[in-house]
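Colleague: Could you walk me through the charged side-chain pairs in this model? I'd like to see how you reason about each one.

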Amino acid sequence: MTRRTDRLGHVIQRELTEFVRREISDGRIGFWTLSRIEVTPDLSFAKVYITVMGEENEKRKTLDALS
């Protein structure tokens, strides 16, 4: 990653995390963390990695709600 893509990844991570916390009120969402963002060198795509804690059914519900 270049410095530019790294900085953009951090901005996306911060904004996306705040958006989900503020705007999405779905009871299926459990404990999750946005763990990493990978931005392509041309800045056209970003891959989002999340970590979900809990039992398997809780993880599945959280992933479904966030999808």
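**Salt bridges in the predicted model**

Modeller: Gladly, and we can begin with one pair: the side chains of D26 and R28 meet in a salt bridge, at 2.8 Å from N to O. This is a predicted model, where local features need pLDDT of at least 70 and side-chain atom pairs count only at pLDDT 80 or more, while totals for chains, interfaces and linings use all residues. Residues are numbered from 1 along each chain as its sequence is written, and side-chain values use heavy atoms, with hydrogens and water left out.

Colleague: How many salt bridges does a search of the whole structure find?

Modeller: The criterion is a side-chain nitrogen of Lys or Arg within 4 Å of a carboxyl oxygen of Asp or Glu. Searching the whole structure on that basis, the number of salt bridges is 6.

Colleague: Is D26 buried, exposed or partly exposed?

Modeller: Buried means under 20% relative accessible area, exposed over 50%, and partly exposed in between (1.4 Å probe, protein chains only). D26 has 25% relative accessibility, so its class is partly exposed.

Colleague: And which residue meets E15 in a salt bridge?

Modeller: E15 is itself partly exposed, at 46% relative accessibility. Its partner is partly exposed at 49%. The N to O distance is 3.9 Å, and the partner is R14.

Colleague: In which helix do E56 and K59 both lie?

Modeller: Their side chains meet in a salt bridge of 3.8 Å, N to O. E56 and K59 are 3 residues apart, about one turn of the helix. Helices here are DSSP runs (H or I, at least four residues), numbered from the N terminus; this one spans residues 56–66 and is α2.

Note on methods:
Helices (H or I, at least four residues) and strands (E, at least two) are DSSP runs, numbered from the N terminus.
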